[in-house]
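Visitor: Please take me closely through one part: the contact between the chains. Then place that part in its surroundings.

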Amino acid sequence: MTTIAAKPRKRMSPRTRRQILVGILFILPSFVLMMTFNVVPIFLSLFYSFTKYNMASPPQWIGLDNYARLFSNRVLTESLSNTVRYVLITVPAQTVLSLLLAVFIAEHMKNRYGSLMRSVIFIPVIVSLIASATVWNIMYQPKGGLINQVIEAFGGKAVNFLGKKASALPSVAVVAIWKNTGYYMVIYYAGVMNVSADVREAAIVDGATPLKRFWYITLPILKPITYMIVTLGIIGSFQVFDLVYKMTGGGPGRATYTVAYVIYTFAFQDKNFGYASAVAICLLIVILLIHLVQTTLFKEKDA
Amino acid sequence: MKKKKRISPWVGLGIVLVTFFAVLCLLPLIYMVAVSFTDSESLYIKLKDLRPSFYNYWYAIVKRDFGTALKNSIITVVGSCLLVDIVSAMAAYGFEKKPVPHKEALFQGYLATMMIPGQVVLIPMFVMINRVGLTNTYAALILPMVGAFGIFLMRQFMVAVPNELLEAAEIDGCGEVRRFVSIALPLVQPALVTLTIFTFNAAWNNFLWPLIINTRSEMRVLPVTMSTLASNSTTNYGMVMAGATLTFLFPFVLYIFLQKQFVEGIALGGVKG
C-alpha cells in the first residue's frame, strides 16, 4: 500500500509531463466509473434524504422531516431490533465455528483428509444467496422438508421453521452461518499457518496442554484476524437482504424485516425515495461507526 | 513433532466433529441435486422416485426462462470480468508507475468507498440509470462492477513489476501501451486470475441490483429468475431445484479448477466476497 509519491521536481521536463498525462489517462476510466457509481451517489443519497421524492416529480426539499420520522416508525424500529438480533446470532456462531475448525485442522489434520475437509467446508461460500435460500426453503418445508423428515423419523413433530415468529429469524441466520463459516475459516487458517512452528514447539516443550496452548498462544496471536472477521461479519450481517427477500419476504408479520429489506420496500415498493435515503444514510453512519471502533481497537493493540 | 503416535481420543473426536460439519455443509447441496432428479410432487421422496432424467432441467430452461437467464448471466459475467480486469489493471499501473500528482490522496479516496454499504448508493444509481435510459441493458449490470477492491488488489501486485524492466523497454523504443500490455500485464497475471474469480462470483450472484434495474423478463439474470420462479410454483420442487443446481454449477466448476486461487485470494485480500 505504501509507495513513494512523485518527487517534486524543480522544472518539469517534457518527459515528466508526458508521464503525468499518460498516468492520468490510465487512471481515468476507473475515475469516471468510481465517481459515477461510488462517490456521487453518496452525496445524492444525502441530498435525497432531505427531500420528498418519488422520481415522478423533482425532489422537494423538506429539511429534516424524514429524519424526524425515523424513530417513531414502528416498522423501522422493529427492523432495527431484528437486524441486531440477526447479527448477534450469526456473528458469534460463524466466528467461533470458523476459528475452531481452522485451528483444529491446522494442528491435527495437516494431511490430505484435512485439506479435503477444508475444501468441502468452503463449498457453501460459492453458492449464491438466492440459490441457498431456495434450497433451504425447501429443506425447512413443514410438510416433508428434509429437516422435518429427520425430526419425524425421530418421532418429533414437524416444525414450521419459517412460518413461526420465534423461529423465522434464527432459521434465516442458520443459512448465513452455513454459508459464511467456510469463508472465515479460510482467513483463520491462513493466520494459524503464520504462527511460527517455533512458538508452538516451544510451548509443547514447556509442557503446555493443548487447551492452554490454544488459550494463551494461538488465540492472542489471532486477535487481529478476529477483529477483522468480527467487523466484516457485523457489516455483512447488518446488510442482510437476499436471504430475507427470498426466504420469508420479511414475514411472518414483520418478524424478519431487516434494515436493508426496509430500505428496499420503502424505496422500490412505496416509491418513497427520500425517506428510504434517510434510512440508508443512517445505515451508513452505523457502518462507519463500526469501522471506527475496529480501527481504534487496532491502534490500542499496536501501542 | 509428528511421529507415528496413536491418535488421542480427543483428537479422534475432533476429527469426527470436523467431518460431521463438512457433511452438514454438503448435505443441502446433495439434497438439491437429488430433488432436481425426481419427478415427485411431494417432498417425501423415496429412492424409487429418483430417475436419471434431465426433464426438470429441460423444463426449467425451455419453459421457465432459465435459458434466457443463463444467457444473460453469462454475458453479464464475461462483460464484468473483462471490464473490471482491464480498468483495474490500468488504474493500478497508473497509480503505481506514473508520477501523477495527488495520486495517493485519490487512491485513499478509492479505498474509502469500500466501506460504503450497497444500499446507500442504490437509490441514486437507480435514478441515474433510469435518467440515461440504461434500464434493461447489460451495461446497467456491468458498469457498476468496477470497485476499489480490484484496483487495490492489482496495485499490490503492480509494485512487484520492476521499474528497470519498463525503463529498458522504453529505451528500446517500446510505446506506453505496449509496455503496459506486454510487460506489466503478464507479470501481474496471478492477480488477474484472482480478480476474475472475485468478479465472476460477484456478478454471477448479484441479486438486488439486477432485480430493480432489469425488470423486463428477457433481461433477467439467473438469481432473479430463480427468485420469481420458486414463488410462482411452489410445488414443482424438482424444477426449482434444477434451477438452483444450474445456478450453482458454473461457480462450482470454476472452484474445482481454480480452488487454490479462490482460497489464496480470500486469504490475501480477504475484504469483499
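Guide: What follows starts at the contact and then moves outward.

The model is predicted, so local features need pLDDT of at least 70 and side-chain atom pairs count only at pLDDT 80 or more, while totals for chains, interfaces and linings use all residues. Residues are numbered from 1 along each chain as its sequence is written, and chains are lettered from A and ligands numbered from 1 in the order in which they are written.

Take the whole contact to begin with. On the side of chain B, 75 residues are in contact with 78 residues of chain A. Contact means that the C-beta atoms of two residues, placed from the backbone, lie within 7 Å. Helix α1(B) supplies the largest share of chain B's side, 14 residues. By type, the side of chain B that touches chain A holds 56 nonpolar, 15 polar and 4 charged residues. Here Ala, Val, Leu, Ile, Met, Phe, Trp, Tyr, Cys and Pro count as nonpolar; Asp, Glu, Lys and Arg count as charged; the others, Gly among them, count as polar. Helices (H or I, at least four residues) and strands (E, at least two) are DSSP runs, numbered from the N terminus.

Now zoom in on α1(B). This helix covers residues 9-36 of chain B, and it packs with α4 of chain A, residues 112-122, at an angle of about 35°. The two axes are 8 Å apart. Each axis is a line fitted to C-alpha atoms, for helices over the stretch in contact, and angles run from 0 to 180 degrees between N-to-C directions. The crossing of α4(A) past α1(B) is left-handed: the near helix is turned anticlockwise from the far one by less than a right angle. From α4(A) come M117(A), V120(A) and I121(A). They meet V18(B), T19(B), F21(B), A22(B), C25(B) and L26(B) in α1(B). That set divides into 8 nonpolar residues, 1 polar and no charged.

Chain A also meets another helix of chain B. Look at α4(B), residues 103-112, where K103(B), F107(B) and Y110(B) are buried. Buried means 20 or more other C-beta atoms within 10 Å of the residue's own, exposed means 12 or fewer, and partly exposed lies in between, with C-beta atoms placed from the backbone. Viewed down the helix axis, the buried residues of α4(B) fall within an arc of 55°, so they line one face. The arc is that of the directions from the helix axis to the C-beta atoms. These buried residues pack against α1 (14-48) of chain A, and also against α3 (66-97) and α7 (148-158) of chain B. The face turned away from the buried side of α4(B) carries A105(B) and Q108(B), which are exposed.

Just ahead of this helix sits H102(B), in the loop between α3 and α4 of chain B. Its phi is positive, about 60°, although H102(B) is not a glycine. H102(B) counts as exposed because it has 10 C-beta neighbours inside 10 Å. D65(B) likewise has a positive phi, near 65°, and is a residue other than glycine. D65(B) lies in the loop between α2 (55-63) and α3 of chain B. With 18 other C-beta atoms within 10 Å, D65(B) is partly exposed.

Step back to chain B as a whole. Its secondary structure comes to 14 helices and 0 strands. Its radius of gyration is 24 Å, well over the 19 Å that the globule rule gives for 273 residues, so chain B is more spread out than a compact globule. The radius is taken over C-alpha atoms, and the rule is 2.2 Å times the number of residues to the power 0.38. Along the principal axes, the C-alpha atoms fill a box of roughly 75 × 70 × 35 Å. Buried residues make up 46% of chain B.

Chain A has 13 helices and 2 strands. Its radius of gyration is 25 Å, where a compact globule of 303 residues would have one near 19 Å. Its C-alpha trace spans about 65 × 60 × 35 Å along the principal axes. Of its 303 residues, 41% are buried. One backbone detail of chain A: the peptide bond from G251(A) to P252(A) is cis, with omega near -5°. P252(A) lies in the loop between α11 (242-247) and α12 of chain A.
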